[in-house]
Amino acid sequence: MCGIVGAVGHDRCGAVLLDALKRLEYRGYDSSGIVTLHNGQIDLRRAVGKLVHLETALAAQPLNGHIGIGHTRWATHGGVSEVNAHPHVAANRVSIVHNGIIENSTLLKKFLVSKGHKFKSQTDTEVIVHLITENLKTENIVDSIKKTLKALHGSFALGIIFKDKPDLIVGARRGSPLAVGYGPNENYLGSDSYALKSMTNKITYLNDGEFCVIKKDHVEFFSEDGTKINKKVLELSSEEEKYDKGDYKHFMAKEIEEQPLTLKNGIKEYIDNANDDINIYNFPWKKNEISSITLIGCGTAYHSCLMAKYWFEELTSLDVSVDIASEFRYRKNRFKKDSLYVFVSQSGETADTYAALDLCNKNGMKTCAVVNVIESSIARDSEFVLPIHCGTEIGVASTKAFLGQILILYILALKLGILRGDLERKHLSRKLNDLKKLPELIEQTLLTDNKIQNISSTFNEAKGSMFLGRGFSYPIALEGALKLKELSYVHAEGYPAGEMKHGPLALIEEGMPVVVLAPRDNYYKKTISNMQEVIARGAKVLLITNKSSDEVISENIWETIEVESTNEDLLPFLLTIPLQKLAYYSALKKGFDIDKPRNLAKSVTVE
Ligand code: F6R
C-alpha cells in the first residue's frame, strides 16, 4: 500500500528517493511520483504503473535539488491516473505525500473551494495540502501543521515540503506508520525501516499524533498539541538481509520452497532441546492471570488465528475466540481483565489489526503480537512479542509467513497448555519431537510438483471452485481458496465440509472442481461422506489426504494428492503446501503478476 520517502541534505535527492521507493514496491502500488525543490522552484515528476515508468520520466528530465519527497500510491480516493498520483502541490508553494484516508475531505474541500482554492485531482490528499497553504496565511509552519492536523479526521502519514523553506521536511503520523532516518549531514523520512535501510540504520519511529521537522543536521519532534518532545534513536542491525529471487521465477515460488528452512528457524528459536521445553521463558503472565484468549488478524493472518483456535481448544482449557480485526475494532467488546489478546500480522502494520490492538491497549488488556517484522508498529505497541522469524516476505500472497504464524501459535498453545497444567509433560515431549521432524516432512511434500501443475488448468477453466475441510482442515480450506482467488482471479470458496448441505451444495454442477482436505484424523470418515455427496452431484474432486496403508474407500475421485504423515496437530502444515502450489501454478498458466496480484498490497495501511 502507499509508501512515503523523503530526504534532506543529499545532493542526488531524486536518485536516492527513487532507490528508496524501489524498496517500497513490495507493499503494492499503482502509480508513483517524486518532487524536489531546486533553484527555489517545486519540480515534480509522476507516472502511472510500475516504478520503471517514473524512472524513464526521470531519465528524460532528471530531478535536481537537495530536498525532496516521493510516494508510491495505492488508489483509495480517485482512480489510477497521473493527476491523482502523489506528490500533490498547492499554490506552487507546498507539496505533500500521504498514506491513509481523510474521512472529512469532502467537507474540508467545500470550505477550501469557498476560500478560492482550485483542485486538480479527485484525491482526499489534495485537501491536506490546500489546508496547509490556507493555514500558512496566518500561521508559521509548526502552527499551520498543528492546526491542519487538528482539522483532519481519519488516518495518515504525511511528508511535506515548502517552497519558501528549502531546508526542511515535515513528517506527521496518525494511524499510518512513519519513521525518521539519520545520516551524515542528511536525514530521511520513510514509511518503514526497510525503505530507510539502504540509507541508514539509525531510526526514530513516530507515534500516533506526533509530527516532526527534519533538517539535514537535526530533527525536532512534537506531540499533537505542538509541545516539543524527545525521542529515542534506535540502531537497527546494519546487516542488509540479502533478499533476491535467486534462480526462482517469482518471490512466491522461492518463499514456498523456503518453508522448511523458515520452520527450522522458528523451531530452533522456540524449542529448548536441552530441557525438552518451550523457550518462551519470559512469558509475562502467570497461569491464573489468563482464562481466555482472543486471536485477531486479517486475511491469511485471520486464517492463522482460526487454525490456532483448534489447537488452543485441544491443548488448553482456555476460552478461545477469533476475530477479524476490521470487525473487532467497531464492535461493542466486553473486555475482561483476565483475557489475553493476540494480534497476528506478517507486516505488523495492517491498519485494522493495529486499531484493534490500540483499542485493547486503551482498555488495559494484556496484548501479545505474533509478527514477522519486529520493528513494526504492532510489535512496538504490544506488551509481548513473538516474532515468527521467517525473513522478508515479498510475494503479496502470504505463504511462508502463514506457516510461520501457525507454527508460533501452535507453540504458544503448547506453552499455555503446560503453564496451566492442561497438557502433560510426556505429551509435550512427544509433540515437540514430532514438531522437530516437520521441516523434513514439508521438504518431502514440496516434491509433489508435476501433478499439481497439470491439475491447475482445470481450476482456471472452471467457473469457480470450492475448498472443503472439517476441524483442523477447515481453516486450511479457507486459506487455499483465498490463495487461488487472489492469484488467479477465479472464484474459489472455502467451506466447512459439513455445511455444504445447508446451502452451497446448490452450487455443485457437473465438472466443478472441488478440493477436499481429508487427512486421516478424527474427522476423516465424516469428510469422506461429505466428499461423496459432492461427487454424487458431478463435482471433480481433488482429494488431499496424508499417506497411509489404508486405501481411501470412495469411488470416482478425480485426483488424489498424498502429503506426508505426522500427528493430527501438524497435518495442517502439510496440507497447506499443495494448496499454495495450486494457486501458484494456476496464476503462472494465466500469465498473471504472481508477486503483485492486481488491486492488492502487501502492507495494508488503510482501513
Ligand atoms: C493473503 C494475504 C493477506 C494478508 C492480510 C494481513 O495472501 O497476504 O490476506 O494476510 O492483508 O496482512 P498482515 O499479516 O501483514 O497483517
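**Entry 1: helix α4**

I looked up what the buried residues of α4 pack against in this predicted model. Their partners are two helices and three strands by label: α3 (105-114) and α5 (141-151), then β5 (88-90), β6 (94-102) and β7 (154-162).

Next I checked how much of α4 is covered. I found twelve of its twelve residues buried. The list runs from Thr 125 to Leu 136 and includes Glu 126, His 130, Glu 134 and Asn 135. Val 127, Ile 128, Val 129, Leu 131 and Ile 132 are also among the buried residues.

I then took the length. Helix α4 covers residues 125-136 and spans 17 Å from its first C-alpha to its last, close to the expected 16 Å.

**Entry 2: ligand site**

I asked which residues come nearest to the ligand. Of the 15 residues around the ligand, these are Ser 345, Gln 346, Ser 347, Thr 350 and Glu 486. By class I noted six nonpolar, seven polar and two charged residues in the shell. Two helices, α9 (299-315) and α16 (473-488), each give the shell at least two residues.

I went through polar contacts next. At Ser 345, an N or O atom of the side chain lies 2.6 Å from an oxygen atom of the ligand. At Gln 346, a polar backbone atom is 2.6 Å from a ligand oxygen. For Thr 300 I noted 3.1 Å between a polar backbone atom and an oxygen of the ligand. The ligand on its own has 400 Å² of accessible area, and the protein covers 89% of that.

**Entry 3: backbone exceptions**

I searched the backbone for unusual angles. Most residues other than glycine have a negative phi, and most peptide bonds are trans.

I noted a cis peptide bond from His 86 to Pro 87, with omega near -5 degrees. Pro 87 sits in the loop between β4 (67-73) and β5.

I also noted Asn 185, where phi is positive, near 60 degrees. This residue is in the loop between β9 (179-183) and β10 (186-190). Asn 556 has a positive phi as well, near 65 degrees, and its place is the loop between β26 (540-546) and β27 (559-563).

Are these two asparagines buried or exposed? Asn 185 has 47% relative accessibility, so I entered it as partly exposed. Asn 556 has 61%, so I entered it as exposed. The cut-off for exposed is over 50%.

Terms used
Residues numbered from 1 in each chain as written. Predicted model: local features only at pLDDT ≥ 70, side-chain atom pairs only at ≥ 80, totals over all residues. Heavy atoms only, no water. Near = heavy atom within 4 Å. Polar contact = N/O pair within 3.5 Å; in protein donor to acceptor, adjacent residues only side chain to side chain. Areas by Shrake-Rupley, 256 points an atom, 1.4 Å probe, with all protein chains shown as cover. Helix = DSSP H or I, 4+ residues; strand = E, 2+ residues; numbered from the N terminus. Nonpolar A, V, L, I, M, F, W, Y, C, P; charged D, E, K, R; others polar. Expected span 1.5 Å × (residues − 1). Buried < 20%, exposed > 50% of the residue type's maximum accessible area, 1.4 Å probe, protein only. Contact = heavy atoms within 4.5 Å.
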